[in-house]
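Here are some short exercises to work through with the coordinates open beside you. Try each task before you read its solution.

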Amino acid sequence: MKTYIVETWGCQMNHHDSERLAGLLESEGLQEATTAMDADLVLLNTCSVREKPVRKILGRIQTLSRMRSPRPAIGVCGCVAQQEGEALLESAEAVDFVLGPGQVPRIGEALRCLRQGKRGVFIGFENPEDYNYAQIFRKDSTRGMVTIIEGCDEYCTFCIVPYTRGHEFSRPSSEILSEVRVLVSSGLREVELLGQTINAYRCPETGGGLAHLLRKILEISDLDRLRFITSHPRHFGEDLIEVLSDEPRLSRYLHLPFQSGSNRILKRMNRKYTREEYRDLIRRIRDRVPDINLSTDVIVGFPGESEEDFLQTLSLLEDIRFGQVFAFAYSPRPGTPAAKYRPKLPEDVALDRLHRLFTLTDGISRQLNEALVGSRMRVLIDGTSRKSESDWQGRGEDNRVINFPATGREKVGDIVEVEILQASAHSLVGRRPGSSPTLPIRT
Ligand code: SF4
């Protein structure tokens with residue numbers, strides 16, 4: 001067995017786990033293949049937060065097992081692995097091993113089982129002492145992800161994460177700082193700190209919270225940008241607002257899920273805040289950081305959600321005006337309390353609400369982006385645009401996606417000034433100041 005490929009679904013935590021899996025496989029002597037067709041081992045790093053990805057993964061296992069003969073070895077990792085465990089081996093013959101997100105460090109053991117012709121099940125939660133940040137295989141040359149807190153103790157009634165990733169544990173700040181220093185000295189410009197409830201971070205050595213950690217990291221003078229995801233509204237203290245307002249290298253972007261605008265539904269979701277508290281938090285953040293770009297997560301069609309509850313969600317969206325909204329129709333996750341809640345909403349009602357929500361939020365995002373036309377932004381270049389090889393794509397300080405024509409003077413990883421010329425709901429188009437106004441612009 002010489003080559004591997006990791007296919008990833010889901011959140012940034014999963015993408016980062018894929019980097020950890022790849023790093024460990026490389027240390028076992030395997031090399032990354034170009035496609036699944038050429039790989040001896042295919043790892044499917046899965047997400048079970050929603051139902052659709054689970055179905056997609058089962059379809060992908062079928063495709064891989066028929067793709068060529070002999071088929072590649074298949075390992076299912078991530079939350080589906082943790083959730084299904086042994087049952088996955090029984091239901092999908094082509095699966096050689098399952099390995100939950102807390103068992104990433106045991107991928108070498110899974111490989112040895114595979115070589116002996118045995119099918120293995122590796123599930124359970126991560127031992128903080130097993131975390132090895134030296135063996136992470138990062139392909140991105142501009143930004144690096146660093147996990148600072150694992151697991152979640154919130155137990156929102158719709159969410160599978162506490163059952164698949166286990167209890168919260170924070171990494172020592174000394175270890176995080178060493179990791180960031182290594183990333184910065186290797187040339188990365190931006191670091192993104194990761195955690196399911198990142199603002200619940202508490203250093204096990206010093207007791208310092210997220211605000212303290214951010215300030216310590218920003219003492220690394222060669223680091224250009226720092227951001228963090230995902231915050232829980234109930235842990236967002238004044239110290240965090242303060243650090244956002246006075247640290248210019250901290251991204252002007254904040255992802256702050258509110259999930260529902262109805263207090264009745266928030267209570268059923270076990271979110272532990274009210275719409276009034278959430279709105280007040282946003283007001284306090286905007287008072288100190290007026291140019292902050294806010295994004296959020298929303299669930300529509302939660303069991304028992306009435307039209308009135310949904311209108312409360314729309315009114316909160318109208319009121320706050322987020323730059324980006326990630327909204328989904330509720331789908332029950334087996335084993336979570338809400339899976340038993342009644343009444344369930346008919347699918348067409350939930351989808352109609354989702355459609356109405358996006359009509360509103362896309363309009364708001366477009367207006368907010370249009371207000372930026374004529375301004376200048378500092379853009380970190382990620383690579384060529386997906387639509388044209390002659391355009392660059394990058395992100396502004398507030399995480400907005402910006403495309404602009406290459407002038408021949410830039411390269412990936414540069415931070416350059418761009419004048420914004422056009423806006424759509426999801427991205428901006430600009431040009432380097434002083435470059436030809438007749439260059440082709442694509443939205
Ligand atoms: S805070 Fe709630 S939604 Fe987020 S990971 Fe924890 S349980 Fe899931």
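**Exercise 1. Describe the open sheet of three strands and what packs on it.**

Solution. This is a predicted model, and we begin with strand order. The three strands of this open sheet are arranged β12-β13-β14, and their pairing is parallel. Next, find the edges: β12 (253-255) and β14 (324-329) each pair on one side only. Then look at the twist: on average, neighbouring strands of the sheet are turned by 15° against each other, direction ignored.

Now zoom in on one pair. Strand β13 (residues 293-300) is joined to β14 by six bridges in the parallel sense. To place the register, take I299, whose bridge partner in β14 is F328. Finally, add the helix: α13 (residues 347-370) packs on the sheet and touches β13 and β14. The direction of α13 makes about 175° with that of β14.

**Exercise 2. Work out how the closed barrel is put together.**

Solution. Follow the strands around: five of them run β15-β16-β17-β19-β18, with mixed pairing. Neighbouring strands here are turned by 55° against each other on average, direction ignored. For one pair in detail, take β15 (residues 376-384) and β18 (residues 415-423), which pair in the antiparallel sense over five bridges. A handy marker for the register is R376, with E419 as its bridge partner in β18.

**Exercise 3. Decide whether the protein chain is as compact as a globular protein of its length.**

Solution. Start with the inventory: the protein chain has 13 helices and 19 strands. The radius of gyration is 22 Å, close to the 22 Å given by the globule rule for 443 residues, so the chain is as compact as a globular protein of that length. For the overall extent, the C-alpha trace spans about 60 × 55 × 50 Å along its principal axes. Turning to the interior, buried residues make up 40% of the 443 residues. As for contacts with a separation of 6 or more, 71% of them come from residues 24 or more positions apart.

**Exercise 4. List the residues around the ligand and sort them by character.**

Solution. First collect the shell: C152, E154, Y155, C156, C159, V161, P162, Q196, T197 and H232. Then sort these residues, which gives six nonpolar, three polar and one charged.

**Exercise 5. Locate the cis peptide bonds at T230 and P343.**

Solution. Take T230 to begin with: the peptide bond from I229 to T230 is cis, with omega near 10°. T230 sits in the loop between β11 (225-229) and α9 (238-246). Now for P343, which is joined to R342 by a cis peptide bond with omega about 0°. P343 belongs to the loop between β14 and α13, and these two elements already appeared in Exercise 1.

**Exercise 6. K272 has a positive phi, and so does N399: is each residue buried or partly exposed?**

Solution. Phi of K272 is near 65°, a positive value in a residue other than glycine. K272 lies in the loop between α10 (263-269) and α11 (275-288). Counting neighbours, K272 has 15 other C-beta atoms within 10 Å and is therefore partly exposed.

N399 is not a glycine either, and its phi is about 75°. Its loop connects β16 (391-395) and β17 (401-405). Here the cut-off matters: a residue is buried if 20 or more other C-beta atoms lie within 10 Å of its own. N399 has 20 C-beta neighbours inside 10 Å, so it counts as buried.

Note on methods:
Residues are numbered from 1 along each chain as its sequence is written. This is a predicted model: local features need pLDDT of at least 70, side-chain atom pairs count only at pLDDT 80 or more; totals for chains, interfaces and linings use all residues. Two strands pair if DSSP finds at least two bridges between them. Helices (H or I, at least four residues) and strands (E, at least two) are DSSP runs, numbered from the N terminus. Axes are lines fitted to C-alpha atoms, for helices over the stretch in contact, and angles run from 0 to 180 degrees between N-to-C directions. Two residues are in contact if their C-beta atoms, placed from the backbone, lie within 7 Å. The radius of gyration is taken over C-alpha atoms; the globule rule is 2.2 Å times the number of residues to the power 0.38. A residue is buried if 20 or more other C-beta atoms lie within 10 Å of its own, exposed if 12 or fewer, and partly exposed in between; C-beta atoms are placed from the backbone. A residue is near a molecule or strand if its C-beta atom, placed from the backbone, lies within 6 Å of it. Ala, Val, Leu, Ile, Met, Phe, Trp, Tyr, Cys and Pro count as nonpolar, Asp, Glu, Lys and Arg as charged, and the others, Gly among them, as polar.
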